[in-house]
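Work through the exercises below with the sequence and the structure open. Each task is followed by a worked solution.

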Amino acid sequence: MRNTSIPQTDLTPSAICLGSSHFGNGIAPADAYALLDMYVTCGGNFIDTAAVYANWLPGEKNSSEKTIGRWLARTGKREKLFIGTKGAHPDLATMHISRMSPREIVDDLNSSLGNLQTDWIDLYWLHRDDPARPVAEIIDTLHAQVVAGKIRYFGCSNWRVDRIAEAQTYAGAKGITGFVANQMRWSLAAMDPKTESDPTTVAMDGESYAYHRQSGLAAIPYSSQAGGYFQKMAERREVRPAQQKSYGSPGNARRLARVQQLAQETGLSVSQIVLAYLTSQLFPTIPIVGCRTVAQVEESMQAGDVQLTNAQVVWLAGESA
Ligand SMILES: NC(=O)c1ccc[n+]([C@@H]2O[C@H](COP(=O)([O-])OP(=O)(O)OC[C@H]3O[C@@H](n4cnc5c(N)ncnc54)[C@H](OP(=O)(O)O)[C@@H]3O)[C@@H](O)[C@H]2O)c1
């Protein structure tokens, strides 16, 4: 498993990050432990969670962070891993009311430290943005947490590129490290934006892509396998109607044909090509995979050593719709 350096940091996580949005409630703790164990066995060392994960499911609050915290305590692996978690997410019942005051950011962070049973977070993410709030206040709040030793670095998730640029300019002028990574929805299978039910999420688009190319800011995309859409289509397995609606475009059918052609020519699996499309970008890109079974972890992790050429990456994406 290759490691990837995140610019402006001493973080060198594995090429594939493990997501955990259902840990504890949707995925029972014992099953989540098995996924984590397999991920580490396959050479993974970068775990993505959030305070809000699995709170939409019946069961324990903050169950993803707490499950990971218990697993870290059981295994004693904290020092060997990079942990990213996110806060400042709106309450799920009031998604239109942002929670990004300095107090809310700091309270969320303190709560996450307790849930994860750790003294520090390697990469702390703002889960959403509040464009009405000045970037200066947000960056100053996060930088103070770095100085306090609670977080090593911070990043943004679901931020528009103009706001990211504004925040980075502010941090640069102050001589401090701003966002070291950006977490957005991005996969080789393009999603029909009309099917996104949460308007507060942000996907990779041409403008953000150009920004990453020019700035070298690391991208840590979620839904990187489009819920396994290409894998399932290639194996003629059942695809959920909602997934078909989101990804069943003619453009994706052509991309799948190219994935299958490349798979035949190279002997790589569909999973390896889908994820290597991201890990082989011209700026540091570490896809987050959301696996439900140990076999899926094993399969997705096989992409960690694959390097596609830039010509292959460009050819795979083809047209943009
Ligand atoms: N920052 C944000 O706002 C945000 C938003 C969403 C997610 N995330 C993070 O990103 C993580 C991943 O997101 P995601 O769950 O949407 O990612 P994903 O990897 O695109 O989708 C996960 C689904 O893909 C299928 N799958 C996984 N590995 C597979 C394989 N090797 N072969 C075939 N199918 C496979 C499984 O579907 P089946 O269950 O149908 O088998 C699995 O449930 C989350 O856990 C979370 O940590 C962040």
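A salt bridge here is a side-chain nitrogen of Lys or Arg within 4 Å of a carboxyl oxygen of Asp or Glu. The model is predicted.

**Exercise 1. State how many salt bridges the rule gives, then place the one between aspartate 198 and arginine 128 in the chain.**

Solution. By this rule there are 16 salt bridges. In the pair in question, the closest N and O atoms of aspartate 198 and arginine 128 are 2.7 Å apart. Next, locate the partners: aspartate 198 sits in the loop between strand S6 (179-183) and helix H6 (206-215), and arginine 128 in the loop between strand S4 (121-126) and helix H4 (135-147). The two are 70 residues apart, and the pair links distant parts of the chain.

**Exercise 2. Decide whether aspartate 198 and arginine 128 are buried or exposed.**

Solution. The cut-off for buried is under 20% relative accessible area. Aspartate 198 has 16% relative accessibility, so this residue counts as buried. Arginine 128 has 7%, and therefore arginine 128 counts as buried too.

**Exercise 3. Apply the cut-offs to the salt bridges arginine 133 to aspartate 130 and arginine 160 to aspartate 162.**

Solution. Partly exposed covers the range between the buried limit of 20% and the exposed limit of 50%.

- Arginine 133 and aspartate 130 meet at 3.8 Å, N to O. Arginine 133, at 22%, is partly exposed, whereas aspartate 130, at 15%, is buried.
- Arginine 160 and aspartate 162 have their closest N and O atoms 3.0 Å apart. Arginine 160 is partly exposed at 43%, and aspartate 162 is partly exposed at 41%.

Beyond these pairs, salt bridges with shared partners join Asp10, Arg78, Asp122 and Arg152 into one network.

**Exercise 4. Describe the shell around the ligand by residue class and by secondary structure.**

Solution. Start with the count: 31 residues surround the ligand, and Asp48, Ser223, Lys232, Gly290 and Arg292 come nearest. By class, the shell has 17 polar, eight charged and six nonpolar residues. Then assign elements: helix H7 (229-234), strand S8 (288-289) and helix H11 (294-301) each supply at least two shell residues. The largest share, three residues, comes from H11.

**Exercise 5. Find which atoms of histidine 127, asparagine 158 and glycine 228 approach ligand oxygens.**

Solution. For histidine 127, a side-chain N or O atom is 3.5 Å from a ligand oxygen. For asparagine 158, a side-chain N or O atom is 2.9 Å from a ligand oxygen. With glycine 228, a backbone N or O atom lies 3.4 Å from a ligand oxygen. As a last step, consider cover: on its own the ligand has 900 Å² of accessible area, and the protein covers 86% of it.

Key. Residues numbered from 1 in each chain as written. Predicted model: local features only at pLDDT ≥ 70, side-chain atom pairs only at ≥ 80, totals over all residues. Heavy atoms only, no water. Near = heavy atom within 4 Å. Polar contact = N/O pair within 3.5 Å; in protein donor to acceptor, adjacent residues only side chain to side chain. Areas by Shrake-Rupley, 256 points an atom, 1.4 Å probe, with all protein chains shown as cover. Helix = DSSP H or I, 4+ residues; strand = E, 2+ residues; numbered from the N terminus. Nonpolar A, V, L, I, M, F, W, Y, C, P; charged D, E, K, R; others polar. Buried < 20%, exposed > 50% of the residue type's maximum accessible area, 1.4 Å probe, protein only.
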